[in-house]
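Open the model in your viewer and keep the sequence panel beside it. This tour tells you what to select at each stop.

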There are 2 protein chains.
Amino acid sequence: MKRTSRDIRTANRYEVLRQIIAESPTSRQELAAATGLSLATVATLVGELLDLRMTTEVGFEESAGGRPRGLVAVNASGGALIGVDIAETYVHVELFDLALNVLARAEEDVRPGESLPEQVVGHVAAAVGSVVTQAGIEGARVLGVGVSVPGQVDRATGISEYAPNWDWHDVPLVDLLSEYIAYPLYLDNPLRAVAVAELWFGAARGSGNAVVVTLGTGVGAGLVLGGALHRGVSNSAGEWGHNTIVLDGRLCRCGNHGCVETYVGAPGIMLNLRELSPDSELLHPGDQTATIAALARGMLTQDPVAVKVVRHTARYLGASIAHLVNLFNPEVVVLSSWVAAALGEPLVAEVREAVARHALPRPMAATEIVLSPIPTDPACLGAATFALEGALQSVGQRSAKRTTPARTKTHNPR
Amino acid sequence: MKRTSRDIRTANRYEVLRQIIAESPTSRQELAAATGLSLATVATLVGELLDLRMTTEVGFEESAGGRPRGLVAVNASGGALIGVDIAETYVHVELFDLALNVLARAEEDVRPGESLPEQVVGHVAAAVGSVVTQAGIEGARVLGVGVSVPGQVDRATGISEYAPNWDWHDVPLVDLLSEYIAYPLYLDNPLRAVAVAELWFGAARGSGNAVVVTLGTGVGAGLVLGGALHRGVSNSAGEWGHNTIVLDGRLCRCGNHGCVETYVGAPGIMLNLRELSPDSELLHPGDQTATIAALARGMLTQDPVAVKVVRHTARYLGASIAHLVNLFNPEVVVLSSWVAAALGEPLVAEVREAVARHALPRPMAATEIVLSPIPTDPACLGAATFALEGALQSVGQRSAKRTTPARTKTHNPR
DNA sequence: TGACTTTATAAAGCCCCTTTCCTAACCCCT
DNA sequence: AGGGGTTAGGAAAGGGGCTTTATAAAGTCA
């Protein structure tokens, strides 16, 4: 709510680092042009990042008659970030370098009935330990661990207030994890993690207004408004998956009827398939991944059943995404997460058409609907990005120490 | 997109003036407490407003042992604001003093078939002329004229890009109006006007996140996010009325089927009534106002038909407002405009229940659903508020004159 | 080698906000 | 009536941010 000039600095720091990561190496000139900041500001921000060892100078660009431009690049080995994606059936952990390349992965299955907080925390701790050893990173280099857990979370206290899939209530997840993990921890939910991933590294980069639609087992929307994530008053904005799209429609696990999720989430798509073609061989009962994969293959071969199911699904999806277009008037709608990735362009093409049928022409004309370009698990990447943001955040608040008076003069004289 | 420290100043200026208008007279101390700003900042901002003659000092508060607090109040006669609400069948103009009291009104009917831009402009010009003479205001005191016109507008150029009700396309409304009106003109659409009215003077005051639902002949939602209006990338955010709530539902004037508007806009409510009780005497065919008024009276007497119709309407409204609650996670949802005002608390009570049935419990718990406290035409008030914002805006940009070197020392020495 | 060009840093200036200090204004008590 | 004590409000200083301007650095080209 209360804005201060510090927020501007933080936003600019983010923007510059984002740009460097996206286009590495790059020059200060390019950064200034891309961000709209003055050269001087860019220079000081780059200087900060150099001091933090997040970037390095990597030679010069040959010039045409003047002093050559110094090039800066992400210092990939300047630190490591860990992203944890806790989902209903698995815990997925990835360790990234500062260029956000995956250095190591680990996955643990969460079997039904083994979903007590302590058990899940155990999985996370094991997987985090595993990626650190795999990567051979010395512990001190890990800048932070971002954790994505479904449901409603309180970021400040690190509490998972409510996780519908496991019926968790007010689980102090960060406290539990900190018994095993010594790095700074950042907690949020997958919707926002995916949105942040798209904002930093994906299709929403540079957009002031974007909507990131997560299509997985559950569905939701991450909202980027004014260049930053919109969280709402109690950090639960974006619960698009539980909007009613069919009055008195299918029963949803949330208890309501006709939620978007029940038609376009992976189980919903399976149900669409079953309703349209009860004994199709595309259906793998009890296996969402296989069924979606079968549909994806079917789309490539123009299998009539697959086409019919995707079109049917796109109809609901189109109407629901049209809601987002009408309401937010975004520059871009990004389709992300594994169902979107699996069904790919064929789905997007159908969705574009369906949205155009339902949205108003004016906002529709201003909106692009695209597939996420992120190849890996976006929730992991986004969770790691929370850790990155956290590491950058703490730059601003220089410790108000007064005991060391010589600290402002850190650069070497001569 | 690009934030500067100036924006902070502007936002603070708005906030302080809002507070003064809301609670006039008030002291600097109270203002500081209410806004969270320091005393010094409040003092300088109040000083600016005093210089602008928008506020005046009005005596002192008796103190208990110290220097008495100086009281400042809106200088009601320090200027006048004009709000123009152009609707499908009428042009409504109100002239306000700076305390936003209505000093004069004028209304012109727009008959079907007389909706050419020139004709509408004529009505506006006549009505604006009328309120100025009625109020006996000398012209120089009018700080600006805000104009609300349905559909999509480009504020910067003052063009009505598309008005669905009259099939206007790219009408240069501000240019046309400036032939008749010499005051600064500000153009936007009723959704945003109503939202700004609620933000400044209504139920959304002080909320970082609020949704203002406009229920009239057309319906829509004004979005207040982060304490400011969300406009979207092409200034067409908030078109909630054309979200599909029933797939293949009623035909909407926008060409689609099943839009929210077709169930909860005034014509939609009439249709609900006709469907539920075809020959109820509540129905006044062809007269929305009379029918809604009859329903309102029916609600007071617990007329079973009226109750049934309102409950039926609230069902659609509840599901649609639940979308907003789930997506935005706002502090407050404000029901505004004439249908909401007419049906009043009975409607709100039904809506609260219906929303609670459809929204997720967590965001729902954080959200209050209230009726707009604004007694007059909120679009007029909001339009006038645009003019007020415009007048305040121009304070910041001090003319970059260099010819008068002594300009920084404006205050009298002594 | 000198002139010109381009980059990067340093300095100065402006805009914000806050904190601190000091004067103004009032009450109350002696 | 005249000092304390207390509170309000303004002025100045300070800190953070961004930009413009000046200066130093590092090339190319004649």
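The stops below run from the DNA strands to a strand in chain A and then to the nonpolar cores. Keep in mind that this is a predicted model.

**Stop 1: DNA strand D**

Select DNA strand D and the residues around it. There are 22 of them, and Arg9(A), Asn12(A), Thr41(A), Arg69(B) and Gly70(B) come nearest. What part of the DNA faces the protein? Of the strand D atoms within 4 Å of the protein, 72% belong to sugar or phosphate, and the rest belong to bases.

Now show the side chains. Asn12(A) places a polar side-chain atom 2.5 Å from a phosphate oxygen of DNA strand D. Ser38(A) does likewise, with a polar side-chain atom 2.8 Å from a phosphate oxygen of this strand. For a base contact, go to Arg67(A): one of its backbone N or O atoms lies 3.5 Å from a base nitrogen of DNA strand D.

Switch to a cartoon view. Helix H1 (5–22) and helix H3 (39–51) of chain A, with helix H2 (28–35) of chain B, are the elements that give two or more residues to this surface. H1(A) has the largest share, five residues. Colour the surface near DNA strand D by residue type: five residues are nonpolar, ten polar and seven charged.

**Stop 2: DNA strand C**

Move to DNA strand C. Here 22 residues surround the strand, with Gln29(A), Arg69(A), Gly70(A), Arg9(B) and Asn12(B) the closest. Of the strand C atoms within 4 Å of the protein, 75% are sugar or phosphate atoms, and bases supply the rest.

Which side chains of chain B reach a phosphate oxygen here? Pick three in turn:

- Asn12(B): a side-chain N or O atom is 2.4 Å from a phosphate oxygen of DNA strand C.
- Ser38(B): a polar side-chain atom lies 2.9 Å from a phosphate oxygen of DNA strand C.
- Thr41(B): a side-chain N or O atom is 2.8 Å from a phosphate oxygen of DNA strand C.

Both chains contribute to the surface near DNA strand C. Helix H2 (28–35) and strand E3 (69–74) of chain A each supply at least two residues, as do helix H1 (5–22) and helix H3 (39–51) of chain B. The largest share, four residues, comes from H1(B). By type, the surface near DNA strand C has six nonpolar, nine polar and seven charged residues.

**Stop 3: strand E4 of chain A**

Select residues 80–86 of chain A, strand E4. Are its residues buried or exposed? Seven of its seven residues are buried. Turn the strand to see both faces. Ala80(A), Ile82(A), Val84(A) and Ile86(A) lie on one side, with Leu81(A), Gly83(A) and Asp85(A) on the other.

Add strand E5 (residues 90–97) of chain A. E4(A) and E5(A) pair in the antiparallel sense over seven bridges. A hairpin of three residues joins them. Find Ala80(A), which stands opposite Asp97(A).

Then add strand E7 (residues 142–148) of chain A. E4(A) and E7(A) run parallel, paired over six bridges. Gly83(A) has Gly146(A) as its bridge partner.

**Stop 4: the nonpolar cores**

Finish with the largest nonpolar core, which has 100 residues. Leu215, Trp240 and Ile321 of chains A and B touch the most other members. Centre on Leu215(A). Its contacts include Trp240(A), Val264(A), Leu317(A), Trp338(A) and Leu347(A). Another core, of 46 residues, lies apart from the largest one; Val74(B), Ala197(B), Leu199(B) and Ala391(B) are among its members.

How values were computed: Residues are numbered from 1 along each chain as its sequence is written. Chains are lettered from A and ligands numbered from 1 in the order in which they are written. This is a predicted model: local features need pLDDT of at least 70, side-chain atom pairs count only at pLDDT 80 or more; totals for chains, interfaces and linings use all residues. Side-chain values use heavy atoms; hydrogens and water are left out. Buried means under 20% relative accessible area, exposed over 50%, partly exposed in between (1.4 Å probe, protein chains only). Two strands pair if DSSP finds at least two bridges between them. A residue is near a molecule or strand if one of its heavy atoms lies within 4 Å of it. A polar contact is a pair of N or O atoms within 3.5 Å; within protein, one must be able to donate a hydrogen and the other to accept it, and residues adjacent in sequence count only if both atoms are side-chain atoms. Ala, Val, Leu, Ile, Met, Phe, Trp, Tyr, Cys and Pro count as nonpolar, Asp, Glu, Lys and Arg as charged, and the others, Gly among them, as polar. A nonpolar core is a set of buried Ala, Val, Leu, Ile, Met, Phe, Trp, Tyr and Cys residues joined through side-chain atoms within 4.5 Å. Contact means heavy atoms within 4.5 Å. Lists of a residue's contacts leave out its neighbours within four places in sequence.
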